[in-house]
Amino acid sequence: MKARGARALLLPTWAVLGVFFLAPLALMLAVSFRQRGVYGGLRAVTDLAAYLRSGAWLANYIRSVSPIYLSIGWRSLWMAVLTTVLCLLISYPVAWWIAVRAPRRWKNLLLGLVVVPFWTSFLIRTYAWMFILRGQGLLNAVLLGSGVIHRPLELLYTPFAVMIGLVYGELPFMILPLYASLEKLDRTLLEAAADLGAGRAAVFRRVTVPLTMPGIVAGVVLVFIPSLGQFVVSDLLGGAKSMLLGNLIQNQFAVARNQPFGAALAFELTAAVLLLLLAYALYMKRKGEEVLL
Amino acid sequence: MTRDPDGGLRIGSPWPRRLLVSHGVLVYLFLYLPVAVLVVFSFNAARQTAVWSGFTLDWYRRLLRDDGLLDAVRNSLEVAAVTTGVATVLGTLAALALGRSPAGFRGQRATQALLMLPVVIPEIVLGAALVTFFGVSRLRLSLATVIIAHVVFSISYVAIVVRARLAGLDPALEEAARDLGAGPFDTFRRVTLPLLLPGVVASALLVFTLSIDDYVITSFVAGVGATTLPLHIYSMLKVGVTPEVNAVSTLLLAVTIVLIVVAQRLLQEDRRTT
């Protein structure tokens, strides 16, 4: 195919993504420097030079690092880090099991069973935990019925519930890339290490982990990014104290009607994500791996 | 060297076999049990408690009388159908352009990066950017804005899936067709497209499920009267956990899981035949 032909085929995609993806992102950045009008919307800027001099264009960004919002940012960061670490610890042995140890005829089934939740409704998967964790929920019913507890536990609307929901939602995104890289792992190298006298732990730490690092990094990126911008899980399973960055952003658009502030927060999130992706792309390039997310 | 009963070499597994298997089983239970519970209790007769008190289809019958819900289902089907049509065509064309221009062309890498972005950027950012854009350009929020948003994030998925399929095609087949005198258009229509079709259909099914399931982005760009099924379910959840929610969730799960399994089958056929 000639380059001209390729460009013609890409034209509609470029048009759609240019107008409805890149332009909105650029516009969001522009709006983040404006001020909220009295009735929502944007306050008009009559004198651009004066506006720039006054420093008001940075007001939303300055506000975003005030203690109250900063603490929400920290909490989101920690929740995302914790989610990522838990997902990694839970997923690695599972991925190992599917890729290396499970009987061959089961492999496709086991893998398929990870892929299905990957595509099914995140909302319903989160709701399932509401149903299980609430005061009159299944877990309390079981615990009360078996006499382990005498009063229902308060599980729903806690940080604990949010953590479960996040790990539950993101787990498949960690298992799949880990599986992909364990599947490619050249096992003769592990045998060589073992023959040379390395114990199980040493082989794992010094051969397996370094060789599957691209999969680990991909999984970390794939889990960390969505956890950072999450708002459905914290909205449904978390209480008032579990507000995360995602809830804050969503609030500015849906409730507070402060689009400029919401745009500034969303842009900060975007910048953080893009930096992370850039680092990821550079890392994969150095490793000679295909950047595939 | 020791051999496992199942014939695999015992190589540097950091975990004893039993621990590995029981951990694996627990993780699969963790993935599926909550959803299974939901499904089971959608047939539970009791309204308030999570204690089983007999089988009923009442909650499903109630759904059929819920006009708001039926409207939401209609809206979701309309959005998903249009999104699937548009995104499948555009994404397939993009995949062909990226996968079948051997020399490469200027902007190829930029295009690949551009196609990656909507997938990896947090959904909330896309929703926020689009609602800002629609606000400034004075487009009234409606089903149309929902469709636009869904097309934006769906094109990438189609392009990625179809391109993977294209990469697995043997170029010799197309060369043979051309050697036998077929023009570029005939080669595409009678060789490339039929071979590509399972991948295209699979990606269409996946996009349909993504669209019909999407809550986050839709919640930003859906105007009054453009309530989709996930938005409706969300508003039901906010009022409280009810058996009706279990029932509607079960139906949505059933539909999407069937679509996903069919899509996976198609993609696996792919691997076997090429």
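Trainee: What makes domain 1 and domain 2 of chain B touch, and how many residues of each are in contact?

Mentor: Seven residues of domain 1 of chain B are in contact with seven residues of domain 2 of chain B. Two residues count as in contact if their C-beta atoms, placed from the backbone, lie within 7 Å. On the domain 1 side, those residues divide into four nonpolar, two polar and one charged. Here Ala, Val, Leu, Ile, Met, Phe, Trp, Tyr, Cys and Pro are nonpolar, Asp, Glu, Lys and Arg are charged, and the others, Gly among them, are polar.

Mentor: Before we go on, this is a predicted model, where local features need pLDDT of at least 70 and side-chain atom pairs count only at pLDDT 80 or more, while totals for chains, interfaces and linings use all residues. Residues are numbered from 1 along each chain as its sequence is written, and chains are lettered from A in the order in which they are written.

Trainee: Where do the two domains of chain B begin and end?

Mentor: Domain 1 is 17–56 and domain 2 is 59–273, with bounds from an automatic or database domain assignment. Their C-alpha centres lie 30 Å apart.

Trainee: Why is R138(B) called exposed?

Mentor: A residue is exposed if 12 or fewer other C-beta atoms lie within 10 Å of its own, buried if there are 20 or more, and partly exposed in between, with C-beta atoms placed from the backbone. R138(B) has 6, so it is exposed.

Trainee: And why is R257(A) called partly exposed?

Mentor: R257(A) has 15 other C-beta atoms within 10 Å, so it falls in between those cut-offs. R257(A) also has a positive phi of about 55°, although it is not a glycine. You'll find R257(A) in the loop between α13 (245–254) and α14 (259–286) of chain A.

Trainee: What makes something a nonpolar core, and how many residues has the largest one?

Mentor: A core is a set of buried Ala, Val, Leu, Ile, Met, Phe, Trp, Tyr and Cys residues joined through C-beta atoms within 7 Å. The largest has 154 residues, and among those with the most contacts inside it are A266(A) and A128(B). Domain 1 and domain 2 of chain B both give residues to this core, so it lies between them.

Trainee: Which elements does chain A have?

Mentor: Chain A has 14 helices and zero strands. Helices (H or I, at least four residues) and strands (E, at least two) are DSSP runs, numbered from the N terminus.
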